[in-house]
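Me: I have a structure to read and would like to learn how its features are recognised. Could you take me through them one after another, giving the general idea before the case at hand?

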Amino acid sequence: MNDPGYDIIGAEIHRKAIHNLTNEMAIALRRTSGSPVVVEAMDFSTCLLDTEPEHLGFAAYVLFHLGTSLLGTRLIADMVAADGGPRPGDGWIVNDPHEGGAAHQGDVAVIMPMFHRDQHLGWGFVNMHVLDVGGAGLSGIAPGAHDVYAEGLRFPAVRMIRNGAIEHEWEKFISANVRTPGPVLNDIRSMIAANNVGNRKLSEIVERFGVARYLEFSAINKNITEQVLRERIASLPDGVYEAAEWNEWDGHDGPDSLLELRLQMTVAGSSLNFTYSGAPQIDGFVNAGKGAMWGQTVTALLTALAYGDLPVNGGLWRPLTIELGSPGTIVNPTPPAPVSDGHSEVGMRACKLTRDVLSQALALSDDPVLRSRVAAKAHDGTPVSALYGGNQHGSTSVVLYLDSPTGIGGGAQSVHDGQDIYGATCMTGCGLSDLETHEAADPVLFLWRKMVPNSGGPGQFRGGQSLEQAFALAYVDTMGGPAWNSCAEVPPSGFGGGFPGSGSTYYLIREPNLRELLAGGEAPLSERLNGRHELTRNKVGHMTLNRDDVLVFVSGGGGGLGDPLLREPAQVVGDLSAGWITPGHARAAYGVVLDASGLLDYAATQACRAAMLERRIGNMPRRPLSAPESVGVAVDLAADGKCWCCGSCHETLAAGNANWRDEVPMTDTPITTRFAELEMNVRAREEDPAVMMREYYCPACAAALAVDVVVAGTETLPAPRLARAGVPALASAG
Amino acid sequence: MQTDGAHGDAYIGVDVGGTHTDVAALVGDRLQRGKALTTYDDFSRGVLDAVGVAAACHELSVVDLLGRTRLFVNGTTVVTNAITTLTGSRVGVIVTAGFKDTFRFAGGPRVAEFDDHLQINPPDLFDRRAIVEVDERIDWAGDILAPLNTAQLETGLVRLVEEEQVEALAVCFLNSFLNPAHEHAAYEIIRARYPDLFVTLSHAVFPVRGENRRWTTAVLNSFVQRGACAYLDALNTRLREAGLAGGLTFFQGLGGGISLARAREYPLALLGSGPAGGAIGVNALARRMGIRHALIGDMGGTSFDTGIIVDNTIHIEKNVDLGLVHTGVNIVDVVSVGTGGGSIAWIGERGVPQVGPRSASSEPGPAAYGKGGTEATVTDAMVMMGFIDPERYLGGRFTLHADLAEQAIRTNFSEPFGWSAAQGAAAIHDLVVVNMASAVREVSVEKGHDPREFAFIAYGGTLPLFAMQIAERLGIDTVVIPHNSSIFCALGLLASDFVMRLDRTVAWSLDRVDQIEHINSIAAAMVEEAHGAMRAEGFDNADIDVVRSADFRFLGQSYDLTLPLPDRDLAPADAPRLAAEFFAAYERTYGAGTAWKGVSEQLLNLTVTVTGRREHPTPGTTPLAARSPEEIRLATRTVYLPSLEAWHDVPVYADERFAPGSNVDGPAIIDASDTTIFVPPATRATRDIYMNYVLTTIANAS
């Protein structure tokens, strides 16, 4: 390292100032918006882009907006370049996934140019999930829509803000088209206010540095970020890494289909290419537009690789290319495909695919810091309803509780168990609302809120756990609206021999004995509540709740990391005594047995684990089970690249240019069967194909090498194809 | 100056900090300092050690000093420590059936960070087996839906005490802030069976909507109880045995004192009491000096704390978060960043220099300590550049090694950039100043205040070296370095009153004028409760001040703005007036056109703050007797000035010769026994009659 030839301290001071700027925009938005979607669930983002446009700063809330802000701002910058450039006080509203780079129509962005005196210096981007944008759904998400036209208002990039205020005609237009005009318009005003705060701050910063130095430091900081990310990428082995996922769709009265999508990630030197492919687009809201795909890809990248000393700015995009394949698929839809939940359907599957291929590559890095970044998939699903109707105060309520999407588990990490109530990977900082707040506002009575037992995927490090909550429609006769849920049947897989997390679901209890229980002095808990259980489809265009009907949401957990039999029995006993797992799960997943007094039965546990290991490979293992040197690196490539070997006992598994999965013992079981043994939740499918759990084990020590979640009939998932292992097409390219 | 200390009444302020226990002992109008190491096995020993030091300075025995002490005020970190180290009582929790996992959910633990390794679960404040769920339910309107199952409660209670061996209980029922009947009933049952068991009822400590904070606050109060009460009782006993004659008061993070009895009941109130003492002291000082708006700075070995005073009112942060633990505690708003004298300079992965938050603390300490530290710290940079005299550090108590400081900076910081050691030291200086200025910005600009209207009042052993540079970055033109800077927190305690604060959720829509009598009756009950508590502390009505305020929001919002209320019953005409005031305050805060339209304004929470005023000892003054710079001048030192990027001969002035009314122009250094002050170029330093230094930019100096 040498004198970089510029004022490095000045550049760092500039970076901190920009960081403060985007945070102050976020503070302004949170304080002015009333929406719990912003204040509790933190479903918003604020950022600053320069005139390129490239990011200078980004407040860490909804991470996929790193993608949508780039696409939306580029679009506007191109438009105004042909039209004499931007003017101070102008602002655009963007929410169109097809034409505006938005993630979904419910996420409305306000993009405004930022000026210092008369000089255009960049763009402010503020985005939040508003309560409604009209259409067949509610809050902009419409499981019942067959095309994008039924999904509500679309703003491809519409200049409706002049002189810093939204034009009156547009207010009238929006008011006429949404169910909750007051809050929606207030939210737009809040976004304008946040942009104004950002511009004021920017002026102060430029005043302090002078324009020339401000611009110089902007460029320097982007370059430094690019350089660090490139160094990290360069430590990943060159090659092609591939993963598969399936998006669930049972809407419009079926059939219950599983739509395949795949990702190939190519590491070449210090660059990463992501190439997606997917099933043909469908007439349901799962298709993910470019904003959702780019955004969810970069989301997984950020949580895995933006650690330590790596500020997020436009430099981050430079080593990346993202390709979405030919148009007309679920990963690259064209109008009239509906797209209103694309960000959390196909989009969240894309996030999981990216996490998967990154873990595959990280596991094979020579750098121990990068190896420690392997992780299981987070749950990444959205069990939620959006009900609309009168309330006990004589006004109207929208019951759109992000509690259950927030209540999903995180993926297990190499340094700790996955986080409980982690929310979707893309939603950093999300919080869980107090039910006392819900009850004060809406006609609901909460009956329980509890951690779902056995919800975290088993592993040496366990997946994050999830929330179950139930509320009754206690104070009005009826409410109705859509409901949806994206991760019920194909739960998130673990990594490095870790097991999948549990699935999400929801159901109704009609005409329950709620009043009888209360009158008798008994809390209406799940074990006491009787009524007609009604399991609806996962995507419901409209459901009606009648007085006292109960809606139960069961969120799912994150995947586990590493073989569960490597988890210390004492930790398993700790989870048992805390009530996080059941005795049956402790035995089936971890081989841990308690004695009659509830303490660890060491001998029985040893015997149980030995029997499980033998059952895995059909004979007595030749070597004892031991932990791999790096947590979660269950399969390693020999230093010379010639062969794959077991991360635990170093047994040679296969040639380096072959697929080791083809060479090792494997069990292939319907996931419903396996999860029944494990006492874990997964929604059973009534139609073919089945979802399978494929467990791969080391032939010598019986360590779990990988546990794949695939649709029946899928070809064996490929191993990484590495230049170092002499895979021909790559050896020359690498 | 009056010096008949031997005959005057005494007032003692003691701040038990993480490293040192500081004493400010005022006898008559003569102040002496006492400092001792904090003794973690028995905090009272360190307190008496420090009192002993101060007594000796007064040429009194400890018995003599305590015997003439009218008031002994104590600030302590014991509660803050219990929480940060997670060492507390074994707590049992009784909770509404169906909701025992609320504590683990903790309102959602995900933090706004990219890195998944930073996403962890909240700490367990109690064993999960020590939770009892009880059938009972109160609804959103405060009506009882299901009665309390007392038999179930009793069985669970016995299990908690007999099997789980809990030492304290928290009772946490849904909507108890609206109707506390079930929590009260539970209390009676517990009292009847276990009269000595410590119990916290959630509505009693935080009667505000939102079960996560309310319940967590109740659990925390029981969690800190054992350690806090052991501390309180030991200190009380030892001080009484040692002859303390006057009152003993404990200082709350809210910025006022409470009695021993109340502190035993609500020990959580002692959270954050140390930094609050400094803020009270700054406010007293600001009033004396006629300063209305002040920003506060305190720099220690590992951190920099800052806060704000507007119109001589200290900003109180409501509902403090301690990492992932969300509380309903209100404390003096202090932002703390990891920047202190021991903060380590390092080079990040981007090749960009950084300072802190990692600290060399006191072991091994900065390289200049010569105790084996090899990393470059802030102190090393200031020694290297000549700001700190190695021979006079901490009053000459130990000698620093300038050569080791230079070597650490050169090897670990400067050389990788091709800089000289001095250039590296200057970079450390600049980064530290930026870090502290950002924190000051956070408490001022980000809350809507313009720092240029403020004076910066800076104390602590190290901060006077940086105070003016921080001020310059924020456009502040006046800096005050208080007399006795190093024990300023302890001194501040002497300026404190008794304070209690009550909050209650009422959720009143201002268009419902018909509910005004109901609101008035709640407010009246709160005022009466607060008054009663103050009278029980021995205050006359004439010495009790009541301030009412309320949190307002537009119906449906989740954040609120606090506005003052008149100290009387509200009349129907007040409703539209308050609505208009809130609307105006909202647009002032967030910009014209941002207020919500067509939505009713809501008064969510009522707050009653009651102050029991007591006499404050006032420090003596020293008459003006200006001396010329030449008379004060001690020496000349060669110092590397970061702003000029050059070595410069800088005059050094002697604190003891710096009589009130004197002034010197920068660049200059003032060596005091407990701190070193740097006066940058184009700055004038003046001393006032209270012996404070006032630094102003020359353009504004008169």
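Reply: We can begin with sheets: two strands pair if DSSP finds at least two bridges between them, and the strands themselves (E, at least two residues), like the helices (H or I, at least four residues), are DSSP runs numbered from the N terminus. Before going on, note that this is a predicted model, in which local features need pLDDT of at least 70 and side-chain atom pairs count only at pLDDT 80 or more, while totals for chains, interfaces and linings use all residues. Residues are numbered from 1 along each chain as its sequence is written, and chains are lettered from A and ligands numbered from 1 in the order in which they are written.

Me: In what order do the strands of the open sheet of 7 strands in chain A lie?

Reply: Strands of a sheet pair through backbone hydrogen bonds, either parallel or antiparallel. In chain A, the open sheet of 7 strands runs in the order E2-E1-E5-E4-E3-E6-E7, and its pairing is antiparallel. At the edges stand strand E2 (55-58) and strand E7 (165-166) of chain A, each with a single partner strand, so one side of each is left without a neighbour in the sheet. As an example of a pair, strand E1 (residues 44-49) of chain A joins E5(A) in the antiparallel sense over 6 bridges, and A:Cys47 has A:Phe125 in E5(A) as its bridge partner.

Me: Where is A:Arg117, and is it buried or exposed?

Reply: Burial is judged by counting neighbours: a residue is buried if 20 or more other C-beta atoms lie within 10 Å of its own, exposed if 12 or fewer, and partly exposed in between, with C-beta atoms placed from the backbone. A:Arg117 lies in the loop between strand E4 (107-116) and strand E5 (119-129) of chain A, and with 10 other C-beta atoms within 10 Å it is exposed. Its phi is positive, about 50°, although it is not a glycine. Chain B offers another case in B:Gln165, a residue other than glycine whose phi is near 55°; B:Gln165 sits in the loop between H5 and E9 of chain B, and it counts as exposed with 11 C-beta neighbours inside 10 Å.

Me: Which peptide bonds should I look at for a cis form, for instance at A:Pro336 and B:Pro667?

Reply: The bond from A:Pro335 to A:Pro336 is cis, with omega near 10°, and A:Pro336 belongs to the loop between strand E11 (320-323) and helix H8 (346-363) of chain A. In chain B, a cis peptide bond with omega of about 0° joins B:Gly666 and B:Pro667, the latter in the loop between strand E31 (663-665) and strand E32 (668-671) of chain B.

Me: Which residues of H6(B) are buried, and how are they arranged around the helix?

Reply: The buried residues of H6(B) are B:His182, B:Glu183, B:Ala186 and B:Ile190. Seen down the helix axis, they fall within an arc of 100° (taken over the directions from the axis to the C-beta atoms), so they line one face of the helix. On the other side of H6(B), B:Glu188, B:Arg191 and B:Ala192 are exposed. What covers the buried residues includes strand E5 (91-96), helix H5 (150-163) and strand E9 (168-172) of chain B.

Me: How many residues of chain A are in contact with chain B?

Reply: Two residues are in contact if their C-beta atoms, placed from the backbone, lie within 7 Å. By that rule, 77 residues of chain A are in contact with 65 residues of chain B. The elements giving two or more residues to this side of chain A include helix H1 (8-32), helix H5 (181-209) and strand E15 (444-451) of chain A. H1(A) gives the most, with 12 residues.

Me: What share of each chain is buried?

Reply: In chain A, 64% of the 734 residues count as buried, and in chain B buried residues make up 54% of the 702 residues. Chain A has 17 helices and 28 strands, while chain B comes to 19 helices and 35 strands. Along the principal axes, the C-alpha atoms of chain A fill a box of roughly 75 × 75 × 45 Å, and the C-alpha trace of chain B spans about 80 × 60 × 50 Å.
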